[in-house]
Amino acid sequence: MILKSTLINALFLLSLVKQQPVVREMAINSLVDIVTQNFDNQIQNASELALVKQRVRMANSSLTMIKVLHIGDSHVKSGLFSEPLMQKLNDYYGQKYNGKLFFNFQTVCKIGTKYTDYDQLPELSEQLKNELPDLVIISLGTNDAFSESSETGFYQKVDHLISKIKVASPNSSILITTPPDALKFDKHRGAYVALPELEHVVNVLIKYANDHHIAYWDMHQVMGGTNSMNSWYQKKLTMSDHVHFNAKGYGILAQSLFEAFVTSMEK
């Protein structure tokens with residue numbers, strides 16, 4: 001189990017803002033527009049993030065830190081998704097609130113993990129009780145789709161983890177992200193093909209979030225939906241396994257979630 005914590009104070013935050021490479025940011029924004037165009041990039045059930053919004057607005061009068069716990073698999077473990085997201089949030093809100101607001105991200109992640117793995121992990125409960133994060137982001141589902149885990153009782157497996165989080169840290173807001181698109185190599189066809197269980201995982205996560213009033217961000221749809229991984233691969237934004245992304249690809253996903261999050265906070 002990997003527990004990684006990054007704390008950015010206000011002074012370092014301001015230095016990041018000054019050093020931001022404008023040309024690179026413009027290039028990333030252009031790629032975001034090209035890759036995710038025509039897809040609805042917003043956090044659904046965003047009203048469920050009301051407590052986080054209150055924390056953000058506290059920065060009008062006092063120095064505020066928002067604690068985020070990001071639970072995930074190899075997509076999160078790489079650091080190429082969570083860390084750019086944190087930096088973008090700190091850059092933006094550091095400027096907006098004159099250094100009075102910053103985000104502290106911690107990640108709990110391990111390669112190959114599924115929803116049931118974290119439900120059964122006692123260390124997660126301790127982490128939640130000790131840190132009491134303002135926001136818990138759950139980015140799981142890829143390994144559930146690639147294994148048999150999603151074929152039986154997946155809705156209940158999601159519920160077990162969410163319930164565990166609510167018991168351990170009842171005041172934490174929760175944001176579920178659906179897994180990105182991924183392809184599986186078919187030996188008979190000699191090609192990468194769509195993974196049917198992935199769409200099932202996405203649909204169950206969305207149903208659960210709507211049933212239980214949980215905020216969610218449909219990363220799968222923002223990417224372009226089923227088979228969109230082909231397009232991302234052709235644009236050289238992914239690894240050759242057609243499952244993981246390179247730094248540029250994860251940067252685009254981080255930019256998209258950043259934009260959706262800021263929009264939800266400012267409605």
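Just after helix α5, Asn98 adopts a positive phi of about 55°. The value is computed from a predicted model, as are the others reported here. Helix α5 itself covers residues 82-96. Its 15 residues reach 21 Å from the first C-alpha to the last, close to the 21 Å expected at 1.5 Å a residue. Buried positions in α5 are Ser82, Leu85, Met86, Lys88, Leu89, Asn90, Asp91, Tyr93 and Gly94. An α-helix has 3.6 residues a turn, so residues three or four places apart point the same way. In α5, Leu85 and Leu89 are among the buried residues, as are Met86 and Asn90. The charged residues Lys88 and Asp91 are also buried.

Positive phi recurs elsewhere in the chain. Asn45, not a glycine, has a phi of about 55°. Asn45 sits in the loop that joins β2 (43-44) to α3. Its relative accessible area is 26%, so Asn45 is partly exposed. His213 is another non-glycine residue with a positive phi, again about 55°. This histidine occupies the loop between α10 (196-211) and β9 (215-217).

The β2-α3 loop also holds Ala46 and Leu49. Ala46 has a relative accessibility of 17% and therefore counts as buried. The cut-off for burial is 20%. Ala46 is 168 residues from Ile214 in sequence, yet their C-alpha atoms are 8.2 Å apart. Leu49 has a relative accessibility of 1% and is likewise buried. Its C-alpha lies 7.5 Å from that of Ile174, a residue 125 positions away in sequence. With residues up to four places away set aside, Leu49 touches Ile43, Leu135, Ser173, Ile174, Ala215, Ser264 and Met265. Of these partners, Ala215 falls within β9 (215-217), and Ser264 and Met265 fall within helix α13 (residues 247-265).

Helix α13 also packs against helix α3 (residues 50-57). The two axes come within 10 Å and cross at roughly 80°. The helices are therefore roughly perpendicular to each other. On the α3 side, the contact is formed by Val52, Lys53, Val56 and Arg57. On the α13 side, the contributors are Phe261, Ser264 and Met265. By class, this contact has four nonpolar, one polar and two charged residues. Ser264 and Met265 thus appear in two settings: they meet α3, and they touch Leu49 in the loop before that helix.

Helix α4 (residues 74-77) contains His75. His75 is buried, with a relative accessible area of 7%. His75 and Pro179 stand 104 residues apart in sequence. In space, 9.2 Å separates their C-alpha atoms. Beyond four places in sequence, His75 is in contact with Phe81, Thr142, Pro180, Val243, His244, Phe245 and Tyr250. Tyr250 belongs to the span of α13. Contacts with α13 residues are therefore found for His75 as well as for Leu49.

Helix α10 carries Ile206. Ile206 is buried, at a relative accessible area of 17%. Gln44 is 162 residues away along the chain. The C-alpha atoms of Ile206 and Gln44 are separated by 9.3 Å. Gln44 is part of β2 (43-44). Apart from neighbours within four places in sequence, Ile206 contacts Thr178, Tyr216 and Asp218. Tyr216 lies in β9 (215-217).

At the level of the whole protein, the secondary structure comes to 13 helices and nine strands. Buried residues make up 52% of the 267 residues. Contacts with a sequence separation of 6 or more are mainly long in range: 80% of them link residues 24 or more positions apart. The pairs Leu49 with Ile174 and Ile206 with Tyr216 illustrate contacts within the fold.

Model confidence varies along the chain. The average pLDDT is 89, and 86% of the residues score at least 70. Over residues 1-24, the pLDDT is below 50. Beyond near neighbours in sequence, this stretch still has 48 contacts in the model.

Note on methods: Residues are numbered from 1 along each chain as its sequence is written. This is a predicted model: local features need pLDDT of at least 70, side-chain atom pairs count only at pLDDT 80 or more; totals for chains, interfaces and linings use all residues. Side-chain values use heavy atoms; hydrogens and water are left out. Helices (H or I, at least four residues) and strands (E, at least two) are DSSP runs, numbered from the N terminus. The expected span of a helix is 1.5 Å times one less than its number of residues. Buried means under 20% relative accessible area, exposed over 50%, partly exposed in between (1.4 Å probe, protein chains only). Axes are lines fitted to C-alpha atoms, for helices over the stretch in contact, and angles run from 0 to 180 degrees between N-to-C directions. Angles under 35 degrees count as roughly parallel, over 145 as roughly antiparallel, 65 to 115 as roughly perpendicular and the rest as oblique. Contact means heavy atoms within 4.5 Å. pLDDT is the predictor's confidence in each residue, from 0 to 100.
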